[in-house]
Amino acid sequence: MGHPPIKIYDKAHFDVHFYTISEKERAQITLKGDGIRTSRLTPRKGMMAAGYILPPHVDFPKMGSHWVDPTSAELQGGQFTSTFIYGTYGGKLTFVEPMVALSFLQSKPTFEKTVSAPAIFDKAGYYPSKYKVAYNATRKEYTISLEDLAFYRAVK
């Protein structure tokens with residue numbers, strides 16, 4: 001069915017969240033009380049991909065805030081096919097998210113896109129520099145994956 005912002009992401013699509021926090025930590029993101037203010041805290045310099053912005057009304061329980069690349073086609077008046085989103089709560093990364101329109105998947109694509117990555121991370125781990133959407137005709141299945149993972153040490 002889609003979700004806000006209307007006329008951008010309100011068409012049928014899949015949000016594929018790859019979380020960097022536990023289920024227990026996710027359950028604590030309720031957005032009640034000071035939750036929205038906490039959700040919208042800006043990550044420290046270097047901990048958000050260059051150019052990404054935080055639009056209004058993109059805070060959700062168990063996720064946090066959704067940061068978008070304003071140069072994405074759908075934010076420049078073009079059609080939404082796929083995009084890459086970063087999620088934060090309390091100024092910390094909570095997830096990375098390829099988001100893919102159902103109409104794009106129905107075209108049975110094989111598509112790979114480079115993503116802008118933060119310079120530093122608060123949690124050590126492997127983070128992507130690309131995401132891929134692919135259809136396998138033999139198996140009749142779609143794969144949405146994070147690609148070209150690089151290890152980053154935590155910066156405190």
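A salt bridge is a side-chain nitrogen of Lys or Arg within 4 Å of a carboxyl oxygen of Asp or Glu. Keep that cut-off in mind for the first two views of this predicted model.

**View 1. Aspartate 34 and arginine 37 form a salt bridge.** The closest N and O atoms of aspartate 34 and arginine 37 are 3.9 Å apart, and because the cut-off is 4 Å, the pair counts. Arginine 37 is exposed, with a relative accessible area of 51%. A second example joins aspartate 10 to lysine 11, with 3.8 Å from N to O. Here aspartate 10 is partly exposed at 26% relative accessible area, while lysine 11 counts as exposed at 52%. How many salt bridges does the structure hold? The count is eight.

**View 2. Glutamate 112 and lysine 130 meet through their side chains in a salt bridge.** The distance from N to O is 3.4 Å. Glutamate 112 belongs to strand S7 and lysine 130 to strand S9, so this pair ties together parts that are 18 residues apart in sequence. Are these two residues buried, partly exposed or exposed? Glutamate 112 counts as partly exposed, with a relative accessibility of 41%. Lysine 130 is also partly exposed, at 23%. Asp148 joins the picture too: Glu112, Lys130 and Asp148 are linked in a network of salt bridges.

**View 3. Strands S7, S9 and S10 form an open sheet in that order.** The three strands pair in the antiparallel sense. Why is one side of S7 and of S10 left without a neighbour in the sheet? Strand S7 (110-114) and strand S10 (141-147) stand at the edges and have a single partner strand each, so one side of each stays free of a neighbour in the sheet. From one strand to the next, the twist averages 10 degrees. Look along S7 and strand S9 (residues 130-136) to find the five bridges of their antiparallel pairing. One spot to look for is threonine 110, whose bridge partner in S9 is alanine 134.

**View 4. Strand S5 (residues 82-89) is mostly covered.** Eight of its eight residues are buried. In a regular strand, side chains alternate between the two faces of the sheet. Which residues of S5 lie on each side? Ser82, Phe84, Tyr86 and Thr88 are on one side, with Thr83, Ile85, Gly87 and Tyr89 on the other, and both faces are covered.

**View 5. S5 pairs with strand S4 and with S6.** Strand S4 (residues 64-67) and S5 are antiparallel, with three bridges between them. S5 and S6 also run antiparallel, and eight bridges join them. Tyrosine 86 of S5 is a handy landmark: tryptophan 67 stands opposite this tyrosine, and so does valine 96 in S6. Follow S5 into S6 and you trace a hairpin with two residues between the strands. Glycine 90 sits in the turn and has a positive phi of about 65 degrees.

**View 6. The largest pocket has a volume of about 180 Å³.** Rolling a probe the size of a water molecule over the atoms shows where empty space is left. The residues lining this pocket include Thr20, Ile21, Glu25, Gln28, Ile29 and Tyr89, along with Asp122, Lys123 and Tyr127. Which strand gives the most to the lining of the largest pocket? That is strand S6 (residues 92-101), with three residues. Sorted by class, the lining has five nonpolar, three polar and four charged residues.

**View 7. The structure holds one cavity of 30 Å³ or more.** The largest cavity encloses about 40 Å³ of space. Its lining is made by Pro43, Met47, Gly91, Lys92, Leu93, Pro118, Ile120, Phe121 and Asp122. By class, these are six nonpolar, one polar and two charged residues.

**View 8. Methionine 48 is found in the loop between helix H2 (35-39) and strand S3 (59-60).** Is this methionine buried or exposed? Methionine 48 has a relative accessibility of 14% and counts as buried, because buried means under 20%. Compare its place with that of glutamine 28: the two residues are 20 apart in sequence, and their C-alpha atoms are 22 Å apart in space.

Notes
Residues numbered from 1 in each chain as written. Predicted model: local features only at pLDDT ≥ 70, side-chain atom pairs only at ≥ 80, totals over all residues. Heavy atoms only, no water. 1 Å grid on protein atoms, 1.4 Å probe; cavity = no way out; pocket = protein on both sides within 12 Å on 5 of 7 lines; lining within 4 Å. Points joined across faces, edges and corners; volume = space filled by probe spheres on them. Helix = DSSP H or I, 4+ residues; strand = E, 2+ residues; numbered from the N terminus. Nonpolar A, V, L, I, M, F, W, Y, C, P; charged D, E, K, R; others polar. Pairing = 2+ DSSP bridges. Axes fitted to C-alpha atoms, helices over the stretch in contact; angles between N-to-C directions. Buried < 20%, exposed > 50% of the residue type's maximum accessible area, 1.4 Å probe, protein only.
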